[in-house]
Amino acid sequence: MTAPSPQEPPVYLRLQNISKHFGAFHALRDVSLSIRKGEFVCFLGPSGCGKTTLLRAIAGLDPQNSGRIEQDGRDISRLPPAQRDFGIVFQSYALFPNLTAAENIGYGLRNRGVPGHEIRERVERLATLVHLYEHLDKYPAQLSGGQQQRVALARALALSPGLLLLDEPLSALDAQVRQFLRREIKEVHRRLGITTIMVTHDQEEALTLSDRIVLMNHGVVEQVGTPTELYRTPRTAFAAAFVGQSNFLPGRLRADGTVAVNGVPLRPGVGVQAGAPDEPVQVCLRPEQVELRPAGAGGHAARVTDVEFCGSFWRVYLSVEALGCRRLVADVPPALGGALALAEGAVIDALVPDGVAQVFAGAAA
């Protein structure tokens with residue numbers, strides 16, 4: 001086994017061949033993963049992919065059927081939750097309604113017999129960290145959803161755990177509160193340096209919060225990488241479709257290294273999957289990779305079928321006959337959208353530059 005470089009933190013959590021089944025349903029299939037000390041890792045994927053099951057296995061709340069879990073060099077595979085070193089925040093907050101915010105935060109400390117003055121000091125310090133100090137005497141019913149979730153976060157941190165587990169903590173909140181709390185969670189992680197795992201189905205949360213993303217699909221790990229790696233170099237069509245917006249066009253590989261889309265040759269980017277000539281493939285284009293130009297300026301004639309104003313960009317839907325595509329999506333800056341006079345029925349040119357398309361094996365679904 002290769003030792004980590006001096007600049008690379010040691011592995012803090014190691015999962016080896018984790019499998020979990022519920023009757024005939026296999027929720028996890030031979031999952032192996034290493035998480036380094038201080039990392040913020042997101043388990044990302046659609047509903048039913050196994051991400052929450054994996055988190056619960058790490059916590060011991062729903063132990064795996066087979067496989068080994070090591071935390072900081074200690075085998076915790078069969079330990080009950082109370083003997084594992086973690087704090088957890090649930091989607092539902094799970095606060096005690098008859099306790100104030102301060103009492104909720106200090107609950108675990110009281111159970112461990114920590115002296116009262118130490119509890120008060122720690123509760124006040126954590127409440128300041130999550131911007132809740134002025135609400136410590138309030139009960140959960142008197143707090144907003146975002147404030148309740150901050151109480152839950154402070155409570156999870158109260159015992160100074162080595163691992164913080166977040167089970168879709170923002171999914172019950174409205175969009176503006178989610179963005180605010182997302183920044184707060186990131187700041188708390190930056191200040192405390194605690195190893196953190198967050199389960200989410202929201203790609204934006206995963207892209208903005210995590211050091212690395214573990215993308216899951218049908219109980220297996222589809223790809224592990226930084227947000228940039230998953231977005232720019234997805235290894236599978238599923239990864240390309242789930243992380244970010246993508247156009248998928250049917251194509252065929254050609255002997256000269258290009259790929260033909262409706263007979264039109266496109267030169268894909270580097271590192272594409274290899275295959276035999278004339279093999280069916282899926283050509284993936286991100287919306288921002290499609291260049292739009294005035295009609296006759298170079299490219300393929302395209303008719304605008306719809307336009308959506310998204311604030312910082314226009315999302316344009318195109319029909320491109322040359323590519324055999326009735327729905328090609330392009331994202332363009334507002335200034336360009338205005339210059340092209342984008343509107344339903346407008347005719348412009350669409351260009352796919354060399355070296356941007358990604359190619360995946362198999363025919364398009």
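Helices (H or I, at least four residues) and strands (E, at least two) are DSSP runs, numbered from the N terminus. The structure is a predicted model, in which local features need pLDDT of at least 70 and side-chain atom pairs count only at pLDDT 80 or more, whereas totals for chains, interfaces and linings use all residues. Residues are numbered from 1 along each chain as its sequence is written, and side-chain values use heavy atoms, with hydrogens and water left out.

Internal cavities were examined on a 1 Å grid over the protein atoms alone, a cavity being a set of points where a 1.4 Å probe fits but cannot get out, and lining residues being those with an atom within 4 Å of a point. Grid points are joined across faces, edges and corners, and a volume is the space filled by probe spheres set on the points. The count comes to 2 cavities of 30 Å³ or more. The largest has a volume of about 60 Å³, and its lining consists of Val 89, Gln 149, Arg 150, Leu 153, Leu 166, Pro 169, Leu 170, Leu 181 and Ile 185. Helix 5 (145-157) and helix 6 (175-192) are the elements that give two or more residues to this lining, and helix 5 gives the most, with 3 residues. By class, the lining of the largest cavity comprises 7 nonpolar, 1 polar and 1 charged residues, where Ala, Val, Leu, Ile, Met, Phe, Trp, Tyr, Cys and Pro count as nonpolar, Asp, Glu, Lys and Arg as charged, and the others, Gly among them, as polar.

The second largest cavity has a volume of about 40 Å³. Around it lie Phe 40, Leu 153, Leu 164, Leu 166, Ile 185, Val 188, His 189, Ile 194 and Thr 196. Leu 153, Leu 166 and Ile 185 thus appear in the linings of both cavities. Strand 7 (163-167) and helix 6 each supply at least two residues of the second lining, with helix 6 giving the most, 3 residues. This lining has 7 nonpolar and 2 polar residues, and no charged ones.

With a disulfide taken as a pair of cysteine sulfur atoms within 2.5 Å, the count comes to 0 disulfides. For Cys 42, the nearest cysteine sulfur is that of Cys 49, 12 Å away. Cys 42 counts as buried, at 0% relative accessibility, and Cys 49 is likewise buried, with a relative accessible area of 1%; buried means under 20% relative accessible area, exposed over 50% and partly exposed in between (1.4 Å probe, protein chains only).

An open sheet of 5 strands has the order 15-19-16-17-18, with antiparallel pairing; two strands pair if DSSP finds at least two bridges between them. Strand 15 (291-294) and strand 18 (325-332) stand at the edges with a single partner strand each, so one side of each is left without a neighbour in the sheet. The twist averages 45° from one strand to the next, axes being lines fitted to C-alpha atoms, for helices over the stretch in contact, and angles running from 0 to 180 degrees between N-to-C directions.

At one edge, strand 15 pairs with strand 19 (residues 347-351) in the antiparallel sense over 4 bridges, and Glu 291 has Leu 351 of strand 19 as its bridge partner. Strand 19 is also joined antiparallel to strand 16 (residues 300-309) by 4 bridges, with Ala 302 opposite Ile 348 of strand 19. Strand 17 (residues 314-320) and strand 18 pair antiparallel over 6 bridges, and Tyr 317 stands opposite Val 329 in strand 18.

How values were computed. 1 Å grid on protein atoms, 1.4 Å probe; cavity = no way out; pocket = protein on both sides within 12 Å on 5 of 7 lines; lining within 4 Å.
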